[in-house]
Amino acid sequence: MADIIQLLSDHIANQIAAGEVIQRPASAVKELLENAIDAGATDIQLILKDAGKELIQVIDNGKGMSPTDARMSFERHATSKIKNIDDLFRIRTMGFRGEALASIAAVAQVELKTRQASNDIGSKICIEGTDVVLQEPCATPIGTSIMVKNLFFNVPARRNFLKSNNTEFRNILDEFTRVALAYPSLAFRLFHNGVEQFRLESGNLKTRIVNLLSGSVEKNLVPVQEETDWIKIHGFIGKPESSTKTRGNQFFFINDRFIRNSYLHHAVATAYEGLMEKETFPFYVLFLETDPARVDVNVHPTKQEVKFEDDRMMYAYLNAAVRHALARFNIAPSLDFTLSPEITKLPSVEMPISHREKEKVEAGYLFNNFSRKDQAHFIDKKEGLKQWKELYQIAQQPLASQTPSTPNAEPISLHKTTETATHQNMLVVQNNFLVTTVKSGLMVVHIRRAYERIWQERLLENWDTGQFVSQQLLFPATYEWSAQDALLLESVLEDLARIGFDIAPFGQSTFVVRGLPSSLKAGEEKDVLDEVIEHLRHESQNAVAQRKEQLTAQVAKRIALNKPQLQQPEEQQALIDELFACTQPEYAPDGKKVFSFLKTETLQDLLG
Ligand code: ADP
Ligand code: MG
């Protein structure tokens, strides 16, 4: 048989790579702004037409490029930013994969003009879908101007999948905001369809926040500033009363790079616990600075997901920093803050702070000796725990008179757990039920339903906070659906993203799945997505409101099928603990009972 394997042409390879880096106009905007910053620009203009679909232009006054570099910059893996593998770990610039310009050039018509200070004359290059159509000297100011026209002109499927101008422009504004917040000392201007939308002068973070987000936040800003050898934090958080029902004003930057991180968000949100209304989001713009070698930012092409060497430390530290800031604005009334009564109840506020301690705090030593117990509140404050606490406590009480049970009372199919590690008697029956002694007899827990409940609540929380933990697939999978099904799936991509799915359209009715909610195993996504589509097909108009419940339930159901064997008493105990920390432990997402009781009387009746 003839050989059938061929190398992809550069052209196609670039288009595929482009799909990874450039998904929408906003992704191109982000890359171009980052390049301008890396080039040392102090003045950056972003010019858009039709939400970037027709034109994205970035003009900077940075160091520019030589004619050869200008040509080279469009090659894949062309970068001036890394020379060897060690650089990858030290790098502090924004982009460093050398893919952005190549990707953009593969899917748009690009015109670049650039000049270095040492040259009197600049160079101009025009590229269309990777082909250089023109390169010539030209007169142009020092710095770089890059125009990206008709994005996806040669990938109709992608172009058709772009959202309304309104949505795409909002996405661009999100990127612009993140970059402008991270660099308050640089001047930015943004024009859309000929209208100047932003003119941000060089200034400090506070003025940048006010000019960019809204003047009304100014009176609500609380400064955060902490420093150790290991990490520095600075920025602003909002007073509790300024928290909003909608998210959007939460920003983390690690070494000046915007990141999303649900874990860190949780660290901030719990610091506000008891100070804010339920289901509101605190405002924050926080900059964490740490040794770049401790942070792996290159785990995802769009570089918003990061991994830390020690994220538990990071969590505890951030949480403490925010608590400290909230407390401190009470102990420093001169700072013109009004005090909400709840804040005065904070233990850290109630405790008198000696002059010396205050000095220590200001010198940043607060966290050098904080203990792990500061993290304890992370798990146990779940709403609803209270009402179930009683039941849970009952479940924890061993039945003194009945332990240990007589050996011949046990059917062989029962998997009996070691009793040493826990004071509680638990049996796993055929891997389906967890049976435990309670005061009134036995409690029987349906293991899979328990996991469904637990997972749905976790996903709902991801959804509400908009902060999810997504595991990126080493080998992204592509799937094709019918045109109709593809449209259905497309309509919920944003919803799926809220619980950790990273899925992008890839061609006519094909999608590439790049990330999954943690705990869903690679390969299992197809089933779930099919089910989701199936359900959407029959979804009535008013069911859209219940989509959140529906999607989270479907995904939870799939994840729950991976339930562990529960052989260790600790695992069994953890299941019970987590279940009763749920707001609705009693019922699985589909309404079926999760647990039930077998009263001693019933047991007695059984035996006559
Ligand atoms: P990366 O930023 O990862 O290096 P890019 O494809 O974004 O990859 O850019 C490739 C190279 O082109 C950069 O390393 C830089 O040398 C050069 N470059 C891109 N944009 C600019 C700019 N605005 N000013 C100066 N040089 C630039
Ligand atoms: Mg770049």
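The exchange below goes through the strands, sheets and overall make-up of a predicted model.

In this predicted model, local features need pLDDT of at least 70 and side-chain atom pairs count only at pLDDT 80 or more, while totals for chains, interfaces and linings use all residues. Residues are numbered from 1 along each chain as its sequence is written, chains are lettered from A and ligands numbered from 1 in the order in which they are written, and side-chain values use heavy atoms, with hydrogens and water left out.

Me: How many helices and strands does the protein have?
Reply: Helices (H or I, at least four residues) and strands (E, at least two) are taken as DSSP runs, numbered from the N terminus. Counted in that way, the secondary structure of the protein comes to 21 helices and 23 strands.

Me: What percentage of the residues in the protein is buried?
Reply: Buried means under 20% relative accessible area, with exposed over 50% and partly exposed in between (1.4 Å probe, protein chains only). Of the 608 residues in the protein, the buried share is 50%.

Me: Which strands are the edge strands of the open sheet of eight strands?
Reply: Two strands are said to pair if DSSP finds at least two bridges between them. The sheet has mixed pairing and the order S5-S4-S3-S6-S2-S1-S7-S8. Each edge strand pairs on one side only, and these strands are S5 (131-138) and S8 (195-200).

Me: Which residue in S6 stands opposite Leu-55?
Reply: Strand S2 (residues 55-60) pairs in the antiparallel sense with strand S6 (residues 143-149), over six bridges. Within S6, the residue opposite Leu-55 is Lys-149.

Me: At what angle does helix H8 run to S8?
Reply: Axes are lines fitted to C-alpha atoms, for helices over the stretch in contact (heavy atoms within 4.5 Å), and angles run from 0 to 180 degrees between N-to-C directions. Helix H8 (residues 205-212) lies across S7 and S8, and its angle to S8 is about 160°.

Me: Why is one side of S20 and of S21 left without a neighbour in the sheet?
Reply: The open sheet of three strands has antiparallel pairing and the order S20-S22-S21. Strand S20 (470-480) and strand S21 (502-505) stand at its edges, so one side of each lacks a neighbour because each has a single partner strand.

Me: Which residue in S22 is the bridge partner of Pro-505?
Reply: S21 and strand S22 (residues 510-517) run antiparallel and are joined by four bridges. The bridge partner of Pro-505 in S22 is Phe-511.
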